[in-house]
Amino acid sequence: MEYWLCGAWVAGFLFGIVSIAYNCWKRPSDELSVLRRTISTLARLMFWIVVLATPLAFNAFSLGHPLVRDATTFATKGLGVGSMSWNFGVGRPISVVVFGAALGATASVHPAMRWALVLLLVAQVCLDTLACGQFHLRLECIESGKCLYVPGYDKYGMFLLWARELAALVLDVWALLILGHIFVMHGCATNLYTPRQLSQAHDSLAALNYNFEKFGLLPTAELERRKMDRSI
């Protein structure tokens, strides 16, 4: 189990590093264009994090509690009711859907939104790690025949939920790295760029220079040198 968790963390870290490198390498490569691409990457990651949270909400509302006790189970009476556990009830998925969608869409607006998103993602990394371990233990218990299960939470259902937690962990760590890059480029206490600058489709001058260079319309250094030689 530890290997799978470490693999998810490492995969998220590597995906984050590759995304940052790609956003910095892609042309146009001026700072504002890189920041726009980074913000767009964060928005896409938060979209998939929200999408991955919806099955948990559906299971909590329709199937109830998976009979798994963990540190977030705040009531044991009537454990079949999904709301009795934050991690395996409606609390975790609903908070991700509501706050993840809102903060992911407004992370570039104000530093407070970015810091709130950091808190949300760090909490999700902890909760997803806890849930992943619990689902894996429950899956092993069901496969060995030592544990009963409720409909919808058989070994196949548990396997899918365990895989969901691993995928969510990868996205959470990935999004944290992208968000850290936004902090560096856009500011931790104040915004370095105005909303008007960030809302532009592209930087006109950088895009124009890039297209000129791409199609060979900009003079090279060699051509400039030859022109200077002819003028002497």
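Is Thr-129 buried or exposed? I looked it up before anything else: Thr-129 has 18% relative accessibility and counts as buried. My cut-offs are under 20% relative accessible area for buried, over 50% for exposed and partly exposed in between, with a 1.4 Å probe and protein chains only.

**Ground rules**

I am working with a predicted model, where local features need pLDDT of at least 70, side-chain atom pairs count only at pLDDT 80 or more, and totals for chains, interfaces and linings use all residues. I number residues from 1 along each chain as its sequence is written, and side-chain values use heavy atoms, with hydrogens and water left out.

**Whole chain**

I find eight helices and zero strands, so the pattern along the sequence is α-α-α-α-α-α-α-α. Helices here are DSSP runs of H or I with at least four residues, strands are runs of E with at least two, and numbering starts at the N terminus.

Of the 232 residues in the chain, 42% are buried. I also noted an exposed surface of about 13000 Å², with carbon and sulfur atoms supplying 70% of it; the areas come from the Shrake-Rupley method with a 1.4 Å probe, and for residues only the protein chains shown count as cover.

I then looked at contacts, meaning heavy atoms within 4.5 Å. Among those in the chain with a separation of 6 or more, 71% are between residues 24 or more positions apart.

**Confidence**

I checked pLDDT, the predictor's confidence in each residue, from 0 to 100. The chain averages 80, and 76% of the residues score at least 70. Among the elements, helix α5 (residues 155–186) has the highest mean at 92, and helix α8 (residues 221–231) the lowest at 50. Over residues 78–83 the pLDDT is below 50, yet I still see 16 contacts for this stretch in the model, beyond near neighbours in sequence.

**Helix pairs**

Two packed helices are described by the angle between their axes and the distance between the axes. The axes I use are lines fitted to C-alpha atoms, for helices over the stretch in contact, and angles run from 0 to 180 degrees between N-to-C directions.

How do α3 and α4 run relative to each other, parallel or antiparallel? The axes of α3 (residues 91–106) and α4 (residues 111–143) come within 10 Å and cross at roughly 150°. The two helices are therefore roughly antiparallel. For the wording, angles under 35 degrees are roughly parallel, over 145 roughly antiparallel, 65 to 115 roughly perpendicular and the rest oblique. The crossing of α3 and α4 is left-handed, which means that the near helix is turned anticlockwise from the far one by less than a right angle; clockwise would be right-handed. I listed the residues making this contact: on α3 they include Arg-92, Phe-99 and Leu-103, and on α4 they include Leu-120, Gln-124, Leu-127 and Asp-128.

Next I took α4 and α5, whose axes come within 8 Å and cross at roughly 160°. That pair is therefore roughly antiparallel too, and its crossing is left-handed.

**Residues**

Back to Thr-129, which is in α4. Leaving aside neighbours within four places in sequence, I find Thr-129 in contact with Leu-5, Trp-9, Gln-124 and Leu-169.

What is the relative accessibility of Arg-92? Arg-92, in helix α3, comes out at 1% and counts as buried. Beyond four places in sequence, its contacts include Trp-86, Asn-87, Asp-128, Arg-164 and Glu-165.

Val-170 sits in helix α5 and is buried at 14% relative accessibility. Not counting residues up to four places away, Val-170 touches Ala-8, Ala-11, Gly-12 and Phe-15. I also noted Ile-49, 121 residues from Val-170 in sequence and 9.7 Å away in space, C-alpha to C-alpha.

Which residues does Phe-15 contact beyond four places in sequence? I get Val-170 and Trp-174. Phe-15 is in helix α1 and is partly exposed, with a relative accessible area of 42%. Its C-alpha is 9.1 Å from that of Leu-177, although the two are 162 residues apart in sequence.

Last entry: Val-18, in helix α1 (residues 2–25). Val-18 is exposed, with a relative accessible area of 55%. Val-18 and Trp-174 are 156 residues apart in sequence and 9.9 Å apart in space, C-alpha to C-alpha.
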